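Me: I've just opened this one and don't know my way around yet. Can you walk me through a few spots?

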Amino acid sequence: MDTIFTTERVRPLLARVRDFVETELIPLEADFSHQNLGKIIPVLDQKREAVKAAGLWGLALSKSDGGHGLTLCEFGQISEALAHAPFFGHYVFGCQAPDIGNTELLHKFASPELKERYLKPLMAGEIRSCFSMTEPEFAGSNPTRMATTAVREGDEYVINGRKWFTSSADGAAFAVVMAVTNPDAAPHQRASMIIVPTDTPGFKIERNIPVFGEAGEGWFSHSEVTYTDCRVPVSNIIVGEGMGFKLAQERLGPGRVHHCMRWIGNAEKALDLLCQRAASREIEDGVMLGEKQFIQDFIAESRAEIDACRLYVLNTAHMIDTVGVSNVRDAVSGIKFYVANAFLRILDRAIQVHGALGVTDDVVLSAMYRHERGARIWDGADEVHKQNLAASILKKYGLDIKQKAKEIRQFRQMMAGELGNG
């Protein structure tokens, strides 16, 4: 679907990507399940080579890196098209999470040495990566609470800790790890991002975490990882000590656009399946399911929600392209919870219209739900994004919620100190 954001540069690419997805990838869905993922990966790797041969690899990369130099707004539209093949599209085109986020991070901030060793083969699809931030012992909604440490000893960092939901760690060549390097600094200046090759002694994948019973493998997995006296060169740090949270914001802003455009593509897929079912499922002699008004309500609401989400996200991506992510944080928070909820509503409607068939693996909807219910949790829970957005809005009206909360904490600490001295 063309929008005001569909440029002349991206329009022909969209047509080619859509054609490849429809003819080469969607037919593979009939045989997809987590039980045979290992068998289908070689097939997908062959498709990757076909994408490269067609000149469609790395569309998010700059021209100097072999891509097409698309803006975030332009690539967002490609991402939606790829999401019509929910489990294969982004991987086959070399722009699946977390690789695309790590690619953007290293391209913008890594040293020339790190770019040559890690970024170059990552962009070529020769290796995969993972991103290791959240920990099972601490609430992900407050990332300043972190136990993993990186202690400097000479020219090395010694890393110890436990992470989980390190996506795609199974088979990855390296991890970008968030670890505390400055424990006495202010909360948002304590952590750093450090590259840890997965063959480093002490790096161990404890398990692939089952999500609704499905553990997955390869890039299609989330792992619990332990770091035990992992030693890496000090030069493996990205930018410098204490920059972890700043880098995370730079990475996660565009990353949320990627997520949202993928969810919009998934929602289009779900709506398409819903409409096919509504138009073909007979519930009485000569009466199709789609003739019922409540099904028509499902379809109309879904269509409006998808179109609204698309324009909201593309406008946010356009603003990131033009004024930078630090100036668009309110919109980034807004798209994250708004699109995730709209997508899950549409997916739920599609499952409902399919009846019992919808919760089986005979159609792709149940697998989509298994892996996308986390949309309201990944990259910041809905509640956190809503709170941040509301606080930002209220600040313009003279109510600084964050400052008041800080003052209350300071008062409590002062009172606790006085009571202790008493």
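Reply: Sure, we'll look at one residue and then at one strand, keeping in mind that this is a predicted model.

Me: OK, where is Glu-224 found?

Reply: Glu-224 belongs to strand 8, which covers residues 220-233.

Me: And is Glu-224 buried or exposed?

Reply: Buried. Its relative accessibility is 9%, and the cut-off for buried is under 20%.

Me: Which side chain does the Glu-224 side chain make a polar contact with?

Reply: That would be the side chain of Arg-162, at 2.8 Å.

Me: What else is Glu-224 in contact with, leaving aside neighbours within four places in sequence?

Reply: Quite a list, including Pro-136, Lys-163, Trp-164, Lys-204 and Ile-209. Arg-162 is on that list too.

Me: Switching topic: why is strand 4 described as largely enclosed by the rest of the structure?

Reply: Because seven of its seven residues, 174-180, are buried.

Me: Which residues point which way from strand 4?

Reply: Phe-174, Val-176, Met-178 and Val-180 point one way, while Ala-175, Val-177 and Ala-179 point the other. Both sets are buried.

Me: So which way does strand 1 run relative to strand 4, parallel or antiparallel?

Reply: Parallel, with four bridges joining strand 4 to strand 1 (residues 129-132). One pair of bridge partners is Ser-132 and Val-177, the latter in strand 4.

Me: How many bridges are there between strand 4 and strand 5?

Reply: Seven, and that pairing is antiparallel, with strand 5 spanning residues 191-197. For Val-176, the bridge partner in strand 5 is Ile-195.

Definitions and conventions. Residues are numbered from 1 along each chain as its sequence is written. This is a predicted model: local features need pLDDT of at least 70, side-chain atom pairs count only at pLDDT 80 or more; totals for chains, interfaces and linings use all residues. Side-chain values use heavy atoms; hydrogens and water are left out. Helices (H or I, at least four residues) and strands (E, at least two) are DSSP runs, numbered from the N terminus. Buried means under 20% relative accessible area, exposed over 50%, partly exposed in between (1.4 Å probe, protein chains only). A polar contact is a pair of N or O atoms within 3.5 Å; within protein, one must be able to donate a hydrogen and the other to accept it, and residues adjacent in sequence count only if both atoms are side-chain atoms. Contact means heavy atoms within 4.5 Å. Two strands pair if DSSP finds at least two bridges between them.
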